[in-house]
Amino acid sequence: MTHRQILEALSGLLLVLFVAMISATIVSVALPQIIGALEGNQSQYTWVVTASLLASTASTPIWGKLADLFNKKLLLQIAIVIFMVSSLACGFAQNTGQLIAFRAVQGLGMGALQILAQVVIAAMIPPKERGRYNGYLGAVMAVATVGGPLLGGLIADTSWLGWRWCFFIAVPFTVAAFAMLAKTLNMPTVRRADVSIDYWGATLIAAGVSVLLIWVTFVGNSFDWLSWQTAVMAGGGVLLLVAAVFVESVVKEPVVPLHVISRRTPALAILASLAVGMAMFGGSVFLGQYFQIGRGYGPTAAGLLTIPMMVGVLFSSTISGRMVSKSGRTKPYILVGLIVLLAGFAGLATIDHETPLVLVSAYMLAVGVGVGMSMQNLVLVIQNTVPLREIGAASGAVTFFRSLGGTVGVSVLGAILAGQVATNISEGLAKAGIPVAGDAAAAGGSLNIAALPEPIKEIVRAAYGDATGHIFLVSAAIAVVGLIAAIFLKPAQLRDSLDISEPGPAPKQEVATTATTTA
């Protein structure tokens, strides 16, 4: 494909990817209004978000593997239809049960679109040239993640739209993307006589991940960390994943190829991606809550205050992508990105409810720059080590683990935040001479701060503002793990060809042959 043909196809890919990514976060600000209108409870509030994350995370490697077995364009079109129909259904939901079910189906489409967009790009463009295009991809993903709450706040605050348009808004864009891709994306049909789909592996992976994420969602709230429920759910999830590993080691066409993710470079890149995933998801979720509850800003203003992180991601991913394509090297940019990410988290770990917004913005900018420089380059590192026939599975594996890290990270950080907030509220009420038990429970269980009495309102705001720094201290520690993993990555030059031309011989033999020919 020529550069112009790539850009034409890429425009449709980026459009549908943006809509899919933004649908994961657009409901975060509008969710209280949605649950109130559908007369739901707190448990259902959690599951409206968790259902889509579960389905998206668990299905990602399955879609990646299917992309190695079947026509990529057809799979992408099927995913667009699934996402479009489920988004429309979410908008028409009449109760929370229907909404949760439709969000789970929407999650299947979201997971498919996120991985298939990367797979299609990998099938069109050689790794060395892919850097600048991946820069656009990373910018779209990050802007969608950070900009979702802002758009959701604007829609929820607009009286003539209402919360249902948080779902309806995706439909016209997906229709346009489908038409653009049908016209511009031309890919050869892949038909293999020996196609074998690993149904057992796919089922065990989905079940194991789902059980563990359900456990992380409810532990600390519905039951204690040390309880029989934890033993059953955590133990059961681990056993399912152990069984999945065994199945993947013996089947002909594994969903997650162990021979790919067990290599040094992919394993280290996946570990570093966990830290980036936590930054991408945790930053948008908890900073939005910090500005609304801890600082007293409205939904739209809170979204606007996260712009520094969005700007950092946008420019760093685009610029570093072009520099990677020019130099053919990824490790220096990944290292610098993770160092800047660590510095941003270390700064956010110091914030409280009185920290100047200029400082908070500077720390968010650093986090955004770190995410932008490292996120897509880590995918590129793995794609550069595998032949074209394994691109889908390899891309699906790194995206799966990044999403898993982000999902689990948000749940764990949320549990830490809830515990710290409860402690801060109890201490604040005690200092103010207000009875702790009843009022603390009421204050801590309600996010409708405006409805609280004035003394309690200020205590709750301060509690959330001061507790936020604690979760970013944990994020900084995890970023250190990601940085150490990146340090041990082997420096490698990105190849110019779409595929590994000679997969049989060892790299040293290839280099030796090239050197002899040149001489």
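Let's start with the nonpolar core. In this predicted model, the largest one has 133 residues. The residues with the most contacts inside that core are Leu13, Ile34, Leu76, Leu116 and Leu348. As a bit of background, nonpolar side chains tend to be buried together in soluble globular proteins.

Let me pick one of those five, Leu13, and look around it. Which residues does Leu13 touch, not counting residues up to four places away in sequence? The answer is Leu76, Ala117, Val120, Ile121, Met124 and Leu181. You may recognise Leu76, since Leu76 is also among the residues with the most contacts in the core.

Now, a step back to the whole chain. There are 519 residues, and 53% of them count as buried. The secondary structure comes to 20 helices and zero strands, so keep an eye on helices as we go. Among contacts between residues at least 6 apart in sequence, 84% join residues at least 24 apart.

Back to Leu13, and to helix packing. Helix 1 covers residues 3-25, and one of its partners is helix 4, residues 72-91. The two pack at an angle of about 40°, with their axes 12 Å apart. That angle makes helix 1 oblique to helix 4. The crossing here is left-handed. On the helix 1 side, the contact is made by Leu13, Val16, Val19, Ala20 and Ser23, and helix 4 brings Leu76, Ile80 and Phe83. By class, that gives seven nonpolar residues, one polar and no charged.

Helix 1 also packs with helix 8, residues 170-184. How far apart are the axes of helix 1 and helix 8? They are 8 Å apart, and the angle is about 155°. Angles over 145 degrees count as roughly antiparallel, which is why helix 1 is described that way relative to helix 8. Helix 1 passes helix 8 in a left-handed crossing as well. Leu13 turns up again in this contact, along with other helix 1 residues including Glu8, Gly12 and Val16, while helix 8 contributes residues including Phe173, Met180 and Leu181. The contact divides into 11 nonpolar residues, four polar and one charged.

Let's move along the chain to another helix pair. Helix 15, residues 331-348, and helix 16, residues 357-383, have axes that come within 7 Å and cross at roughly 150°. They are therefore roughly antiparallel to each other, and their crossing is left-handed. Their contact has 18 nonpolar residues, six polar and no charged ones.

I'd like to finish with two single residues. First, Gly107, which is found in helix 5, residues 96-124. Is Gly107 buried or exposed? Its relative accessibility is 0%, so Gly107 counts as buried. Its contacts, leaving aside neighbours within four places in sequence, are Ser52, Ala55, Ser56 and Ser59. The C-alpha atoms of Gly107 and Ala55 are separated by 4.9 Å, with their positions 52 residues apart along the chain.

Then there is Thr468, in helix 19, residues 454-487. At 2% relative accessibility, Thr468 counts as buried too. Setting aside neighbours within four places in sequence, Thr468 is in contact with Phe286, Tyr290, Ile351 and Leu417. Thr468 and His353 are 115 residues apart along the chain, and their C-alpha atoms are separated by 8.9 Å.

Key
Residues are numbered from 1 along each chain as its sequence is written. This is a predicted model: local features need pLDDT of at least 70, side-chain atom pairs count only at pLDDT 80 or more; totals for chains, interfaces and linings use all residues. Side-chain values use heavy atoms; hydrogens and water are left out. Axes are lines fitted to C-alpha atoms, for helices over the stretch in contact, and angles run from 0 to 180 degrees between N-to-C directions. Helices (H or I, at least four residues) and strands (E, at least two) are DSSP runs, numbered from the N terminus. Angles under 35 degrees count as roughly parallel, over 145 as roughly antiparallel, 65 to 115 as roughly perpendicular and the rest as oblique. A crossing is left-handed if the near helix is turned anticlockwise from the far one by less than a right angle, and right-handed if clockwise. Contact means heavy atoms within 4.5 Å. Ala, Val, Leu, Ile, Met, Phe, Trp, Tyr, Cys and Pro count as nonpolar, Asp, Glu, Lys and Arg as charged, and the others, Gly among them, as polar. A nonpolar core is a set of buried Ala, Val, Leu, Ile, Met, Phe, Trp, Tyr and Cys residues joined through side-chain atoms within 4.5 Å. Buried means under 20% relative accessible area, exposed over 50%, partly exposed in between (1.4 Å probe, protein chains only).
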